[in-house]
Amino acid sequence: MDKLKTNWFTESCDMWPGGTFSFEVKEVLHTEKSKYQNIQVFDTTSLGKVLVLDGIIQCTQKDEFSYQEMISFLPLCCHKNPENVLIVGGGDGGVAREVAKHPQVKHIVLVEIDDRVIELSKRYLPFMAVGFDSPKLTLHVGDGFEFMKNHRQEFDVIITDSSDPVGPAVNLFQENYFSLMKSALKPDGIVCSQAGTIWNDIELVTNTLNFCKNQFPAAAYCYTSVPTYPSGQIGFVIGSLTKDIKFNEPQLTFTRDEEEAMNLRYYNSEVHRAAFALPTFVKYKLA
Ligand code: SAM
């Protein structure tokens, strides 16, 4: 217990009471309270560098690629030609890093509310913040919800890489956010939003999917594994303006050479298809 008090970080959040995840800290690299949230960056003995916002793990060097690749390539590969992409959140740069790899993507706009997350990621988490170096990227510091109100029929794909629905992220989990995203999409556009875990909060998953279903003619839940997130699983709600889209059939597949050239370590077309296959208790709950 002494060790837990002195050298270990323990995640705690009201959203998942009664259980928690801890990791051993080698060094506290940074801690501050920004205008929007508490920000901590750690070097650890088993997970590499770790970013924590308001006490909740956002990404670890060990497993971030699973989340970043899947939230990016699932919607991008569902679209026939995803030239213009909007990322909301994503201040660590990891999703921008992945989106920039897609051969059809020409322009990326990233809207992050907290410039301190961007600055600290550039300083301590360059393996993700490399995404900000892409010549395809335009950075906008501001609220993604407000940004959406001023954009009409501009984007092929909108990816919401948000923190959990607390603080500045609450609005990004509401139905009117899905309505605003619909207006910001081109006619065959696709949205993909972080949507929580089936193990700890299936009601959040159900509500977020229902908001998406109410606004989009086609909607589905898909997921990946991220061992350092609560319960080790995280899902995404994906919606399309194309009614008869088959989400589990990628429009573009990559050869092994292409996967290696893009340094894809998790995403491939088999994983894409499997990501939409739901366990029985989830399939009927979300139907
Ligand atoms: N992969 C992570 C996860 O699922 O926990 C999310 C990572 S990324 C760091 C989340 C970002 O969303 C944070 O940097 C946060 O500042 C940003 N964010 C939260 N609310 C926002 C809003 N309303 N508009 C834009 N960015 C927002």
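Ser 231 sits in the loop between strand S11 (218-225) and strand S12 (233-240). The model here is a predicted one. In it, phi of Ser 231 is near 75°, a positive value in a residue other than glycine. Most residues other than glycine have a negative phi. Ser 231 has 17 C-beta neighbours inside 10 Å, so Ser 231 counts as partly exposed.

Asp 54 also has a positive phi, near 45°, and is a residue other than glycine. Its place is the loop between strand S4 (49-53) and strand S5 (56-60). Around Asp 54 there are 18 other C-beta atoms within 10 Å, and Asp 54 is therefore partly exposed.

Next comes the annotated span. UniProt, in an unreviewed entry, places the feature "domain: PABS" at residues 6-241. Helix makes up 29% of that span and strand 36%. The end C-alpha atoms of residues 6-241 lie 51 Å apart.

The unreviewed UniProt entry also places the feature "active site" at Asp 161. Where is Asp 161? It lies in strand S9 (residues 155-161). Is Asp 161 buried or exposed? It has 29 other C-beta atoms within 10 Å; a residue is buried at 20 or more, so Asp 161 is buried. Which residues is Asp 161 in contact with, leaving aside its neighbours within four places in sequence? They are Ile 71, Ile 87, Val 88, Gly 89, Gly 90, Val 95 and Gln 194.

Two of those names lead on to a pair of helices. Ile 71 is in helix H2 and Val 95 is in helix H3, and both take part in the meeting of H2 with H3. H2 covers residues 64-78 and H3 covers residues 94-101. The two pack at an angle of about 45°, with their axes 9 Å apart. Angles of 35 to 65 degrees fall in the oblique class, so H2 and H3 are oblique to each other. H2 passes H3 in a right-handed crossing.

Which residues meet there? On the H2 side they are Glu 64, Gln 68, Glu 69, Ile 71, Ser 72, Phe 73 and Leu 76. On the H3 side they are Gly 94, Val 95, Arg 97, Glu 98 and Val 99. The contact of H2 with H3 divides into five nonpolar, three polar and four charged residues.

H3 itself is mostly covered. Seven of its eight residues are buried. They are Gly 94, Val 95, Ala 96, Arg 97, Glu 98, Val 99 and Ala 100. The charged Arg 97 and Glu 98 are thus among the buried residues of H3.

A second helix pair can be read in the same manner. Helix H7 (residues 175-184) and helix H8 (residues 202-215) pack at an angle of about 40°. Their axes are 9 Å apart. That angle makes H7 oblique to H8. The crossing of H7 and H8 is right-handed. From H7, the residues in the contact are Glu 175, Phe 178, Ser 179 and Lys 182. They meet Phe 211, Cys 212, Asn 214 and Gln 215 in H8. By class, this contact has three nonpolar, three polar and two charged residues.

Two loop residues remain. Met 15 lies in the loop between strand S1 (8-10) and strand S2 (22-33). It has 14 C-beta neighbours inside 10 Å and so counts as partly exposed. Which residues is Met 15 in contact with, leaving aside its neighbours within four places in sequence? Asp 164, Asn 200 and Asp 201 are the ones. Met 15 and Pro 165 are 150 residues apart along the chain, and their C-alpha atoms are separated by 9.5 Å.

Asn 248 is found in the loop between S12 and helix H9 (256-261). S12 also borders the loop of Ser 231. With 15 C-beta neighbours inside 10 Å, Asn 248 counts as partly exposed. Not counting residues up to four places away in sequence, Asn 248 touches Arg 273 and Phe 276. Asn 248 and Pro 103 are 145 residues apart along the chain, and 20 Å separates their C-alpha atoms.

Conventions:
Residues numbered from 1 in each chain as written. Predicted model: local features only at pLDDT ≥ 70, side-chain atom pairs only at ≥ 80, totals over all residues. Axes fitted to C-alpha atoms, helices over the stretch in contact; angles between N-to-C directions. Helix = DSSP H or I, 4+ residues; strand = E, 2+ residues; numbered from the N terminus. Parallel < 35°, antiparallel > 145°, perpendicular 65-115°, else oblique. Left-handed = near helix turned anticlockwise from the far one by under 90°. Contact = placed C-beta atoms within 7 Å. UniProt positions renumbered as here; feature names shortened; annotations may be inferred. Buried ≥ 20, exposed ≤ 12 C-beta atoms within 10 Å, placed from the backbone.
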